Amino acid sequence: MPPFSQSSDSSGSGLLSVLLIGPDDQRRRAVSEALASCPVGMIREYKAYPADLDDLPRIVEHNCDVVIVDLDGDPEYALQVVESIYAYGSVTVIVCSAKANLELAVRCMRAGAREFLTLPLNPATLGDALARISIRGASSQSSRKTAKKLFVFLGAKGGCGVTTIAANFAVALAQESQQSTLLVDLGLPLGDAALNLGMVTEYSTFNALENTNRLDASFLSTLLARHTSGLSVLAAPHEFSPVQPSLEAVDKLLAVARQAFDYVVIDAGVRVELKDARFFDDSAILYLVGQVGVTELRNSNRMIGQYFASRGSKLQVVINRYTPQALLFDDKQVEKALTRSIDWKVPDDYASARRTQHAATPLAMEDSPISRAIRRMARKACGLPEEDDKKARSGLFGWARRAMSKPRTDDGSEDTEGDAPPRLNPDHVKF
């Protein structure tokens with residue numbers, strides 16, 4: 001990560017702090033000189049476009065009010081930077097370019113920029129833009145205090161564990177971010193994300209998809225179930241749906257969900273036919289889940305090459321049930337087959353998976369190799385730094401330690417009173 005440079009430190013009460021992002025020293029210097037004539041506080045410079053857009057929350061979080069992005073170094077990637085900063089939601093974005101291009105200006109505004117300024121900058125014009133931001137900034141920015149992010153989990157093959165990872169990722173995301181989080185099970189017609197979380201639900205995605213004419217945030221809220229972790233869940237239906245929902249209905253559901261929640265996690269199962277739905281667009285982070293097997297690697301290769309080759313860092317490859325000593329292929333061979341690197345490895349931990357299934361407890365609510373891997377994924381997704389395993393066990397998994405240290409009853413079984421998770425009663429599950 002390239003270092004920051006600090007151009008000025010004239011911070012004072014009520015003054016906006018500014019971060020400049022751009023790879024060209026001369027253009028960055030010109031913007032900095034124009035800012036010197038404006039009533040601003042600290043001015044910092046970031047001498048390149050961030051290679052990993054997930055690093056942006058950490059780059060802009062330090063007392064930053066305004067980010068000025070130079071478009072001309074790489075306009076397409078710069079637009080992704082603008083979109084990511086806007087999604088994070090804590091700062092206002094200004095873009096600048098030597099090209100007074102109307103189409104580019106419109107795209108920037110759609111990505112979330114509030115001002116489009118042409119180079120060379122007129123200090124008076126820049127000052128006016130900063131004044132407008134200062135006036136409207138306090139109220140508008142507080143309403144977007146966190147990212148509006150969409151995470152889509154797709155399996156390369158049935159049985160690869162996509163639902164287990166998606167459901168537990170959603171729980172960990174809700175716990176770690178402390179923001180409103182929704183899990184939507186689109187693994188129709190046989191989705192079982194709710195069962196993975198030990199939940200019995202009354203309503204389902206089908207109730208939302210068959211009522212798109214009245215679907216809004218208020219109606220959606222009546223269909224959701226609440227998990228003890230704070231996660232909201234829209235489960236798959238208990239019965240086969242009589243009709244296949246249209247892409248338009250799915251798009252409407254996800255549009256409403258994204259307005260109502262800070263984070264939306266979709267379990268898409270193996271439904272690659274949904275690739276034309278809007279939630280597969282470039283604004284979503286797609287987790288492609290597979291295993292190290294000939295069929296999964298072949299399917300992943302075809303899906304990446306045909307549908308997702310251009311997603312860059314917004315495609316995350318997850319290898320589930322990863323057991324290095326038992327693999328027929330090493331990592332280099334796997335990555336060659338995938339045509340890209342592996343982003344996440346979720347270890348094979350049969351004992352933990354089996355235990356949580358019997359207890360109807362999410363993996364993310366206990367301490368295990370699987371839960372620690374998924375927790376790292378969730379922290380990265382919401383812009384939090386990675387924690388070492390020892391520190392992690394003292395935080396989120398404090399509940400698990402308390403549960404495991406509960407007193408035993410006379411027959412030697414665990415005392416399940418207090419805050420132990422409820423066991424799922426099979427009689428309550430609709431078959």
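This report walks through a predicted model of a protein chain, from overall confidence down to two helices, two cavities and one buried leucine.

## Overall picture and confidence

Let's start with the whole chain. The secondary structure adds up to 16 helices and 14 strands. Of the 431 residues, 51% are buried. Long-range contacts get a big share: among contacts between residues at least 6 apart in sequence, 75% link residues at least 24 apart.

How far can you trust it? The mean pLDDT is 80, and 79% of the residues score at least 70. Among the elements, strand β8 (residues 181-185) has the highest mean pLDDT, at 96, while helix α16 (residues 398-404) has the lowest, at 38. Two stretches deserve a flag. Over residues 138-146 the pLDDT stays under 50, and the model gives that stretch 19 contacts beyond four places in sequence. Residues 391-431 also stay under 50, with 57 contacts beyond four places in sequence.

## Helices α6 and α10

Helix α6 covers residues 162-177, and its length checks out: at 1.5 Å a residue, its 16 residues should span 22 Å, and the end C-alpha atoms are indeed 22 Å apart. The helix is mostly covered, with 14 of its 16 residues buried. Right after α6 comes Q178, which takes a positive phi of about 60 degrees.

Helix α10 (residues 247-260) passes a similar check. Its 14 residues reach 20 Å from first C-alpha to last, close to the expected 20 Å. The buried residues in α10 include A249, V250, D251 and L253, along with L254, V256 and A257. What sits over them? The cover includes strands β7 (149-155), β8, β10 (232-234) and β11 (263-267), plus helices α8 (205-209) and α9 (217-223).

## The cavities

A search of the whole structure turns up three cavities of 30 Å³ or more. The largest holds about 60 Å³ of space. Its lining is made of L20, I21, G22, D24, R27, R28, V31, I68, V69, D70, C96 and L119. The elements giving two or more residues to that lining are β2 (16-21), α1 (25-35) and β4 (66-70). By class, the lining of the largest cavity splits into seven nonpolar, one polar and four charged residues.

The second largest cavity has a volume of about 40 Å³. Here the lining consists of L288, G290, Q291, E296, L297, S300, V317, V318, I319 and L338. At least two of the lining residues come from each of β12 (285-290), α11 (294-308) and β13 (315-322). The class breakdown for the second largest cavity is six nonpolar, three polar and one charged.

## A closer look at L126

L126 sits in helix α5 (residues 123-142). Is L126 buried or exposed? L126 counts as buried because its relative accessibility is 0%, and the cut-off for buried is under 20%.

Leaving aside residues up to four places away in sequence, L126 touches A34, L35, C38, I68, L117 and L121. One of these, I68, also turns up in the lining of the largest cavity. As for I94, it lies 32 residues from L126 in sequence, with 9.6 Å between the two C-alpha atoms.

Key. Residues numbered from 1 in each chain as written. Predicted model: local features only at pLDDT ≥ 70, side-chain atom pairs only at ≥ 80, totals over all residues. Heavy atoms only, no water. Helix = DSSP H or I, 4+ residues; strand = E, 2+ residues; numbered from the N terminus. Expected span 1.5 Å × (residues − 1). Buried < 20%, exposed > 50% of the residue type's maximum accessible area, 1.4 Å probe, protein only. 1 Å grid on protein atoms, 1.4 Å probe; cavity = no way out; pocket = protein on both sides within 12 Å on 5 of 7 lines; lining within 4 Å. Points joined across faces, edges and corners; volume = space filled by probe spheres on them. Nonpolar A, V, L, I, M, F, W, Y, C, P; charged D, E, K, R; others polar. pLDDT = per-residue confidence, 0-100. Contact = heavy atoms within 4.5 Å.
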